[in-house]
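Here is a short report on one protein chain. Keep the sequence and the 3D view open while reading.

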Amino acid sequence: MELTKLQVYGRKVIHNYWDITKNVVTSRLYVVNKGYAWYMLDDKPHILSAGHLYLFPPLLSLRFKQEPDIPLDHTYLQFITASLPISKQVIDLPLSDYPTLNSLVSAFNTFINEYHISPSNHKHDKIVLGYLDLFLSLIRSVYHIPNVSDKRIENVVSYISKHYNEPILVEEMAAMVYLEVNYFIKLFRSIMHVSPHQYLKDFRLSMASEFLHSGLSIQETASRVGYSSGYALSAAMKKRWGYSPSALIRNEKKNSTCSIKNS
């Protein structure tokens, strides 16, 4: 199995308002079952159409928007993997052009519906990982994407996903997979397209974004993702993404208000 960590998955219908900004180090696979929305990438709008599968690579700054009066029925999987090359290309596959992929989506949606899968229920993770492995294999064959998996890098990525709130030195990462530091950095960058130090910082910031979206304070979020203070987290986020945690919170409150008004 090629996946390092499965985060959330399920099927959801958004009825009122979906306006979010995401900077995450996780990959995301979306299938739009009904309705439509769009995403902004490099200040350009791209439609999310019904009957399409989308694979969003990590480390993209994306903004998702939805019309408030058009329900969006979508199936989603969010995961971390070291086996897909990191790129800025969003994969868009119309399911009608790929019968095998379309059948796989139908089977997965049936599984999700019959077992009442929810983001908080992880007892079916192994089965979902099997589906996701098939999804990625089919996508890889269509786009001729090479498998760049390296077990040593997968082990480091997995370790980061579990210990990101602790101090982790690049030297420690290299030592845990028995590699010389410079060679480890070169190998990590060749697979993940970022340095291990930058990947760790991006992972912490993406987790901070998730915690802030969930309602945690800036100070509590900072302590959960390995920053010494809310000020340190704010400085890191603003330097990397161009906006502060407080701006993210204000945007979240604005979206919540719009959702209430449109309900």
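The expected span of a helix is 1.5 Å times one less than its number of residues. Helix H3 covers residues 151-163. With 13 residues, H3 reaches 18 Å from its first C-alpha to its last, close to the 18 Å expected. Note that this is a predicted model.

**Overall make-up**

The chain has 9 helices and 9 strands. It holds 263 residues, and 49% of them count as buried. Among contacts in the chain with a separation of 6 or more, 75% are between residues 24 or more positions apart. The chain exposes about 12900 Å². Carbon and sulfur atoms supply 54% of that area.

**Helix H3**

Start at the N-terminal end of H3. Aspartate 150 caps it. A side-chain oxygen of aspartate 150 lies 2.9 Å from the backbone nitrogen of arginine 152.

Which residues of H3 are buried? They are Ile153, Glu154, Val156, Val157, Ser158, Ile160 and Ser161. In general, an α-helix has 3.6 residues a turn, so residues three or four places apart point the same way. The cover over the buried residues of H3 includes two strands, S1 (5-14) and S8 (72-80). It also includes the helices H4 (170-176), H5 (181-192) and H6 (196-213).

**Strand S8**

Strand S8 also holds two residues with contacts worth tracing. Aspartate 73 is placed in S8. Its relative accessibility is 8%, so aspartate 73 counts as buried. Leaving aside neighbours within four places in sequence, aspartate 73 is in contact with Arg11, Lys12, Val13, Val31, Val32, Asn33 and Lys34.

Threonine 75 sits in S8 too. Threonine 75 is buried, with a relative accessible area of 2%. Which side chain does threonine 75 join by a polar contact of 2.5 Å? The partner is asparagine 109. Beyond neighbours within four places in sequence, the contacts of threonine 75 are Gly10, Arg11, Leu29, Tyr30, Val31, Asn33, Phe108 and Asn109.

**Leucine 53 and strand S6**

Leucine 53 lies in strand S6, residues 52-56. Is leucine 53 buried or exposed? Its relative accessible area is 0%, so leucine 53 is buried. Residues up to four places away are not counted in what follows. Leucine 53 touches Leu29, Tyr30, Val31, Ile91, Asp92, Leu93, Leu95, Leu101, Val105, Phe135 and Ile139. One of these, valine 31, is 22 residues apart from leucine 53 along the chain.

The loop between S6 and S7 holds leucine 60. This leucine 60 is buried, at 5% relative accessible area. Strand S7 (residues 61-65) holds arginine 63. Arginine 63 counts as partly exposed, because its relative accessibility is 26% and the partly exposed class lies between 20% and 50%.

The table lists C-alpha separations for three pairs.

| Pair | Apart in sequence | C-alpha to C-alpha |
|---|---|---|
| Leucine 53 and valine 31 | 22 residues | 4.4 Å |
| Arginine 63 and leucine 41 | 22 residues | 7.1 Å |
| Leucine 60 and serine 27 | 33 residues | 9.5 Å |

**Aromatic rings**

How many aromatic pairs does a search of the whole structure find? It finds 14. Phenylalanine 111 and tyrosine 131 form a tilted pair, with 5.8 Å centre to centre and 35° between the planes. This pair links distant parts of the chain. Phenylalanine 111 is in helix H1 (residues 99-114), tyrosine 131 is in helix H2 (residues 125-143), and they are 20 residues apart. Both phenylalanine 111 and tyrosine 131 are buried.

Elsewhere, Tyr30, Tyr39, Tyr54, Phe56 and Phe64 form one aromatic cluster. A charged side chain also meets a ring: arginine 224 lies over the face of phenylalanine 211, at 5.5 Å from the ring centre.

**A positive phi**

Most residues other than glycine have a negative phi. Tyrosine 178 has a positive value, near 60°. Where is tyrosine 178 placed? Tyrosine 178 is in the loop between H4 and H5. Its relative accessible area is 77%, so tyrosine 178 is exposed.

Methods
Residues are numbered from 1 along each chain as its sequence is written. This is a predicted model: local features need pLDDT of at least 70, side-chain atom pairs count only at pLDDT 80 or more; totals for chains, interfaces and linings use all residues. Side-chain values use heavy atoms; hydrogens and water are left out. Helices (H or I, at least four residues) and strands (E, at least two) are DSSP runs, numbered from the N terminus. Buried means under 20% relative accessible area, exposed over 50%, partly exposed in between (1.4 Å probe, protein chains only). Contact means heavy atoms within 4.5 Å. Rings of Phe, Tyr and Trp (its six-membered ring) pair if their centres lie within 6.5 Å; planes under 30 degrees apart count as stacked, over 60 as edge-to-face and the rest as tilted. A charge sits over a ring if NZ of Lys or CZ of Arg is within 6 Å of the ring centre and within 35 degrees of the ring normal. A polar contact is a pair of N or O atoms within 3.5 Å; within protein, one must be able to donate a hydrogen and the other to accept it, and residues adjacent in sequence count only if both atoms are side-chain atoms. Accessible areas come from the Shrake-Rupley method with a 1.4 Å probe; for residues, only the protein chains shown count as cover.
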